[in-house]
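I opened the notebook to look up a few things in this structure, going from the whole chain down to one strand. My entries follow the order in which I looked.

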Amino acid sequence: LQKLAKGTASQVLTMNGGATAPSWADASGGAWEFITSSTASNSATIDFTGLSNTYDRYVVQMSELVPSVDNGSLYVRFGTGGSPTYVTSSNYCAVVRTSANIGPWADSQNTNTDHINLSMGIAQFGTATGEHMNGEIILTGCASASLHTSIKFDLWGGMNSSSSSVSNSGSGILRETTAVTAIRIYLHNGNIASGYFRLYGLVKS
């Protein structure tokens with residue numbers, strides 16, 4: 001019986017065409033692949049760099065975020081180039097729908113800002129016992145130099161010590177036609193005291 005040699009990175013074990021023996025093959029597309037993670041510890045920013053056309057899109061998953069100061073709003077900026085350089089021009093815009101158990105839903109929007117505010121509405125969170133935020137950011141178009149990079153995001157959690165529930169859903173774009181290589185997540189005031197961030201890429205199909 002011949003021993004099967006080991007495969008290469010990203011290959012999966014399959015059965016050959018004649019169904020007579022196992023063989024290695026390249027993984028098919030359409031699946032999310034874990035890339036890297038970062039744990040906040042009084043962090044001014046969380047940066048994920050090296051974004052490219054390797055993947056169709058990216059997603060950042062965030063959990064158990066706690067700010068260092070009260071009334072934190074979560075912001076996003078994009079970076080370009082290898083270093084990268086983060087875009088601070090007023091070419092970001094976003095729309096958000098907020099819902100909470102302490103009031104009716106509300107729509108918010110901003111244009112010509114130097115960031116995307118994921119916390120527009122009442123989705124600020126603070127330092128009282130139990131307060132935290134979780135979220136997800138889906139990033140598309142970052143490798144294109146002819147399309148605007150865009151994100152779709154969801155943010156949810158408890159916004160005060162009485163465990164009021166709040167949820168934000170929205171989208172935003174950078175109105176510049178330049179390839180984006182990085183995403184920066186940060187608070188408008190203070191640091192991210194603690195929290196977990198994970199980056200995944202959608203394998204091209």
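I began with burial and found that 37% of the 205 residues of the protein count as buried, where buried means under 20% relative accessible area with a 1.4 Å probe and protein chains only. I noted that this is a predicted model, in which local features need pLDDT of at least 70, side-chain atom pairs count only at pLDDT 80 or more, and totals for chains, interfaces and linings use all residues. I also noted that residues are numbered from 1 along each chain as its sequence is written, and that side-chain values use heavy atoms, with hydrogens and water left out.

Next I looked up the secondary structure, and the protein has zero helices and 15 strands; these are DSSP runs numbered from the N terminus, with at least four residues for a helix (H or I) and at least two for a strand (E).

I then turned to the largest nonpolar core, which has 38 residues; such a core is a set of buried Ala, Val, Leu, Ile, Met, Phe, Trp, Tyr and Cys residues joined through side-chain atoms within 4.5 Å. Its largest share, five residues, comes from strand 5 (residues 55-67). Ile-137 is among the residues with the most contacts inside this core.

Last I followed strand 13 (residues 165-174), whose covered face includes Val-166 and Leu-174, while Ser-165 and Ile-173 are among the residues of its uncovered face. Strand 13 pairs in the antiparallel sense over nine bridges with strand 8 (residues 92-100), and likewise over nine bridges with strand 12 (residues 150-158), where pairing requires at least two DSSP bridges.

Terms used
Buried < 20%, exposed > 50% of the residue type's maximum accessible area, 1.4 Å probe, protein only.
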